[in-house]
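This briefing is meant for a reader who is meeting the structure for the first time. It goes through strands, helices and charged side chains in turn, and it is best read with the structure in view.

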Amino acid sequence: MRTLLLATLFLAFVPMQSAAHAWMKLKIATAEYAPYTSTDMQHDGYINHIIADAFLETGVVVEFVSLPWDEALEATLRGDYDALSYGNFVRSREKEFHHSAPISAESLVFYTHTDTGLKTWQTLDDLASLKVGITEGYLYNDELSAFIKNNNNIVKFKSDKESLEALIAGEIDVFPIDELTGWYLLEREFTSAERRQVSLVKPFISTVTTHLLVPKGDTDSQLILSLFNKGLEELTLDGKLTRFKRLLKEGYYQHPEKKVNYDRR
C-alpha cells in the first residue's frame, strides 16, 4: 500500500519524458507475433514500441525478453517477469492477469483454403463440419474460445506459420488469426502460388482490443498497471499512438533485410 501511495504521488508530480532519470526498470516477457511484437523488428515491434514509450513517459525503462507464448505466459505468472506483451482482452484471463487500458484494436478473421468454397459465415455453428486450426496457448476471444472448447474438429499447431502451412496443405479448412498478422505472414513466408490457395472469409470474427498483461498477486502489480496506463494516456494526448500506427502501415518496424510490401494489402 505504501508503494502504491508513493507511486500515486510520483505520477502527480513527475515531469514526463524523463528517460535520462529512470527510477525503475521492468522486465517484460514478449512473444514473436509480427508485426506487433518481434525481435526481428525495429523497437521489438509496433506494440512493444508503444509499451516502452508509455513506460518511459513515467520514468520507467523496460527490457523485453522474447519467449514462446506458452513459456512467456507461465514465466510471467511465476513472477519471473513484471508483465507480458501482449494479449487480447479475454474475460477468463482476468483471474490471473490485470488487463491494461487498450493499446490498440484489431480485427480477428478466418482464413480458409480456397477449395472449401467457404465465402461467408453467420454463426460459429456454420463451421461445425470443418476442421478448424488453432495455435496452441492462444485465447482468441470469449465466443471463439468457447467454440474451441466444445468442438471435436479442432487441430492444434505450435505457431501461426504452422497453422497456415496446414491450411495451404489442406490439413485444416479454416484458421482464425489477426488480419494484419495473417496477411503479413502470408506475404513474408509463402509464395504467390501458396497465397492463392488462401481466402479471407467475411465478415470478420470480431474487433479485439489488445492489452499489456500484468500478473495479479504481485505486490507491485497495481503500481505497474497505473504507471503504464498513465504513460499510455500521455502518448494518446500527444498524438503518438496515431503516429506509431502510421509507421506500422508504412512498414517502419520491419527487419531491413526481410521487408514486406505493405502497399499490396
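**Strands, helices and salt bridges**

Within strand β2, V65 is the residue that serves as the bridge partner of A29. The model in which this pairing is seen is a predicted one. The points below begin with the strands around β1, move on to the packing of two helices, and end with the salt bridges.

**Strand β1 and its neighbours**

- Strand β1 covers residues 24-30, and because 5 of its 7 residues are buried, the strand is largely enclosed by the rest of the structure.
- Strand β2, made of residues 60-66, pairs with β1 in the parallel sense, and the pairing runs over 7 bridges.
- Strand β3, made of residues 83-88, also pairs with β1 in the parallel sense, here over 3 bridges, and in this pairing S85 of β3 is the bridge partner of T30.
- Together with helix α2, which spans residues 46-56, the strands β1 and β2 make a β-α-β unit that is right-handed.

**Helix α2 and its packing against α8**

- Helix α2 is mostly covered, since 8 of its 11 residues are buried, and these buried residues are Y46, I47, N48, H49, I50, I51, A54 and F55.
- Two packed helices are described by the angle between their axes together with the distance between those axes.
- For α2 and α8, the axes come within 7 Å and cross at roughly 100 degrees, an angle that makes α2 roughly perpendicular to α8.
- On the side of α2, this contact is made by I50, I51, D53, A54 and F55, while α8 contributes I224, L227, F228, G231, L232 and L235.

**Salt bridges between separate parts of the chain**

- Side chains of opposite charge can pair when their charged atoms come close.
- Counted by the rule of a side-chain nitrogen of Lys or Arg within 4 Å of a carboxyl oxygen of Asp or Glu, the model holds 10 salt bridges.
- One of them joins the side chains of D40 and R188, with 3.4 Å from N to O; since D40 lies in the loop between β1 and α2 and R188 in helix α6 (residues 179-189), the pair ties together parts that are 148 residues apart in sequence.
- Both of these side chains belong to partly exposed residues, with a relative accessibility of 27% for D40 and of 23% for R188.
- Another salt bridge is formed by the side chains of K161 and E189, at 3.6 Å from N to O, and this pair links distant parts of the chain, K161 being in helix α5 (residues 160-169) and E189 in helix α6, 28 residues apart.
- K161 counts as partly exposed at 33% relative accessibility, and E189 is likewise partly exposed, with a relative accessible area of 33%.

**A salt bridge within helix α8, and a shared network**

- K230 forms a salt bridge with E234, and the closest N and O atoms of this pair are 3.5 Å apart.
- K230 and E234 both belong to helix α8 (residues 221-237), and because they are 4 residues apart there, about one helical turn separates them.
- In this pair K230 counts as partly exposed at 24% relative accessibility, whereas E234, with a relative accessible area of 17%, is buried.
- Elsewhere, salt bridges that share partners join D40, K161, R188 and E189 into one network.

Methods: Residues are numbered from 1 along each chain as its sequence is written. This is a predicted model: local features need pLDDT of at least 70, side-chain atom pairs count only at pLDDT 80 or more; totals for chains, interfaces and linings use all residues. Side-chain values use heavy atoms; hydrogens and water are left out. Buried means under 20% relative accessible area, exposed over 50%, partly exposed in between (1.4 Å probe, protein chains only). Two strands pair if DSSP finds at least two bridges between them. A crossover is right-handed if, with the strands pointing away from the viewer, the path from the first strand over the helix to the second runs clockwise. Axes are lines fitted to C-alpha atoms, for helices over the stretch in contact, and angles run from 0 to 180 degrees between N-to-C directions. Angles under 35 degrees count as roughly parallel, over 145 as roughly antiparallel, 65 to 115 as roughly perpendicular and the rest as oblique. Contact means heavy atoms within 4.5 Å.
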